[in-house]
Amino acid sequence: MIDNPDKSNRANADKGFRWTLARRKVVWAYIFLAIPIIFFAYIRIYPALFAFQMSLHDYNPLAAEQPYVGLENYEKLLDELNKRKSPTKAAFQNTANYLLLGVPIQLCLALMISLMLNEIRFMSTFYRIMFFLPFVTSTIAIAWVFRMLYQPRFGLINVMLQLVSLPQQPFLNSPKQALPSVLSLVIWQGMGFAVIIFLAGLKQIPRTYYEAAEVDGASRWHTFRFITLPLLNPTIVFLLVLQTISFLRMFAPVLAMTEQGRGGPLDATTTVVLRVYREAFTSFNMGYASSLTVVLFVFILIITIIQLRVTARRIN
Amino acid sequence: MRFTKLFAVLAVLIALASLGSVALAQDDMIEIEYWQYNFQARVDAMNELIAQFEAENPGIKVVHNSDIPYANFRDELAASAPAGVGPDIVTLFYGWIPAFVDAGYLVPLPEDAFSEDFILEHFSPMVANSKFEGSYWAIPTAVRSLAMFWNKDIFAAAGLDPESPPANLDDFVAAALATTEYDGDMDIFNITQQGHAAALASQDHHWFREVLLRQYGGAPYSDDGRTVTYNSEEGCAAFSWLTAFETEHMTGSNDILDGATNAFVNGDTALHVDGSFRIGTIARNNPELNYGVAELPVGPNGERHTFGSYWTHGITRRANDDPARLEAAVKFLQFITSPAAGTLWVNSVGELPAQAAAASDEAILADPILGPFSAGLAYSHATFFVDESAQRQVLIDAFDNVRLGGMDACEALDEAAAIEQELIDSFWADRE
């Protein structure tokens, strides 16, 4: 809001407090900043803290009262994890699989692609757009397209397999193949983001280092190993943390790609967040679901701290 | 001075807003809210009933919320309750009632409007049996049973008589085998036309639990409903019969041809087990389909059974908080569960009137499509579920363990029974 300073100065002349232009600018800045902050606090931070409280109650959203049960929900969680087979156990195992397979594969591929993109000049913008496009496309839309690609008999992948006389594959319908099938979508979709960040990181490395290496007769591998990789370290740490968190929070692709969003077949694709959703909204065990989110939160926190400690070494 | 102006404008706006709500509250009109999930035929039928009801009761306005898809219906109810909003009358699947009663979300039907004698005398037996914790908590407009759908064109093309559907389980298998076509080897993935595809996620878990199991001489649960009893020799035999369509006979699968239900609707499957609500789906999506409906085939012991179920209307805690709204809600509930409402319902939705008088109407019994469903009401069983979706998942997993994991049918049922027993035990443990 732009005000006329003369007019309001005159109006405030007889009061002790004066609305100078500078003061007013600051106040307005705070007012405008307060709106997103209040919104964020109310929509994100308050519910997150509330989850801790909910996890200590037998919280059924339909009920009028939510009795306090102490650590009962956490005890149930331990019980479930100690069983030979349980949906919760499958959710934690699958999430670990998604993470341990997904992050390294995604970052390695993204690094390779960005190194190549960094070299090319002809049509480089076009290629960058092609790699970035999946990232800005709706996950649900992509998931449904992949679902069709994976279909038995008429899905594109199976049609191609038939053309070269290879046996058809069940993909999402097989307890063994379902997880890799979902994972490939997630890797592919998230890769564009990693590629762009890597490219930005590569641009930060001074050309002179490479020129010096060339003069010294360093091989391409040595240049990569001793110049590119160490100087990319901050970028790698950043991506590692971000992608780890995003794999730990995986939900939408599984919901969209599995039969009735159940994370099947036989819990082969379910994730912790999908488990949270199903416990909270189909079984109405919101207290137990909250205990799962709290555990997930602690995991994310620990993994992030370890990663920052281990990988963020100073570069000499 | 723009600051003061801004606040003045805000103050006026707030004052206006509060005036508005006062004006609304002073209105004599009583407004009640009714929620059901989105299923076009039901929405249309209910709109018609509401229009009739409002014409008869000028002081009551019914707000109809039918925008929520089936998959999100429970989420939305769960989200609305803590916010203090939501329906006064809500339509729930009968199998969900214990969970909603458990949460204190529903109040018992008032004794003066829906006495036990009235319900026992007028309603279908599966409704009369729905007493839980000593009360009736919900009452339906319509009920459904399962029957067998068959595609007459496929039968004729396979050299079978298109007018005589399989009468027993052996004939059913023979017809399924005769009507399955492959492009190449006998393999699920090479099927171009299915004889029968078992889909536990749809209706086949009911078919197993309440029909096949009983026909093989078993029972799904103990009489008090608290002990799982399907992990028996009879259970194994019945479950093996069902899983064999995919593991042995190779006549179809829910994983191909867009799922078992769509495959039948699209004309790619010869035999299918489903409820009368599917008639509307076929009429809308593939009106050309040349199909017939017959009662479910009899089992080895010669008995007929079917699974009965219904969507049922309950009064919420929210309506109970305000005597005027509660009164209006009860009136509305009486109206939409009357025989006349049931007759309107059967014509547009295909579900049978819950009031026995309207359901055994001669026109319905003589109808070639509705008749078999109506006949089934006499021998139908409605499972008592403590957590319908979890209990269904147990059987879906058992089936997947057999067809995808290569597990033995008996072993899969043992595992399922153990998990389901735990669900039932934990439900009752919380209540005692």
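**Figure 1. Domain division of chain A in the predicted model.** Chain A comprises two domains, with domain 1 covering residues 5-54 and domain 2 covering residues 89-311. The structure shown here and in the following views is a predicted model. Taken over C-alpha atoms, the centres of domain 1 of chain A and domain 2 of chain A are separated by 40 Å.

**Figure 2. Backbone conformation at A:Asp267.** This close-up shows the loop of chain A that joins α11 (252-257) to α12 (272-281), where A:Asp267 is located. Although A:Asp267 is not a glycine, its phi is positive, at about 60°. Most residues other than glycine have a negative phi. A:Asp267 has 25 C-beta neighbours inside 10 Å and is therefore classed as buried, the threshold for that class being 20 or more.

**Figure 3. Backbone conformation at A:Phe284.** A:Phe284 occupies the loop between α12 and α13 (286-311) of chain A. The phi of A:Phe284 is positive, with a value near 60°, and the residue is one other than glycine. Because 27 other C-beta atoms lie within 10 Å, A:Phe284 is buried.

**Figure 4. Surroundings of B:Glu31 in strand β1 of chain B.** Strand β1 of chain B spans residues 30-35 and includes B:Glu31. Is B:Glu31 buried, exposed or partly exposed? Within 10 Å there are 13 other C-beta atoms, so B:Glu31 is partly exposed; the exposed class ends at 12 or fewer, and the buried class begins at 20. When residues up to four places away in sequence are not counted, B:Glu31 touches B:Lys61 and B:Val63. The view also includes B:Ala329, which is 298 residues apart from B:Glu31 along the chain. The C-alpha atoms of B:Glu31 and B:Ala329 are separated by 9.4 Å.

**Figure 5. The contact between chain A and chain B, with emphasis on the side of chain B.** Chain A contributes 25 residues to the contact and chain B contributes 26. On the side of chain B that touches chain A, at least two residues are supplied by each of α3 (73-80), α4 (97-102) and α19 (388-403). The largest share of this side comes from α19(B), which provides 5 residues. By residue class, the side of chain B that touches chain A consists of 14 nonpolar, 4 polar and 8 charged residues.

Notes. Residues are numbered from 1 along each chain as its sequence is written. Chains are lettered from A and ligands numbered from 1 in the order in which they are written. This is a predicted model: local features need pLDDT of at least 70, side-chain atom pairs count only at pLDDT 80 or more; totals for chains, interfaces and linings use all residues. Domain bounds come from an automatic or database domain assignment. Helices (H or I, at least four residues) and strands (E, at least two) are DSSP runs, numbered from the N terminus. Two residues are in contact if their C-beta atoms, placed from the backbone, lie within 7 Å. Ala, Val, Leu, Ile, Met, Phe, Trp, Tyr, Cys and Pro count as nonpolar, Asp, Glu, Lys and Arg as charged, and the others, Gly among them, as polar.
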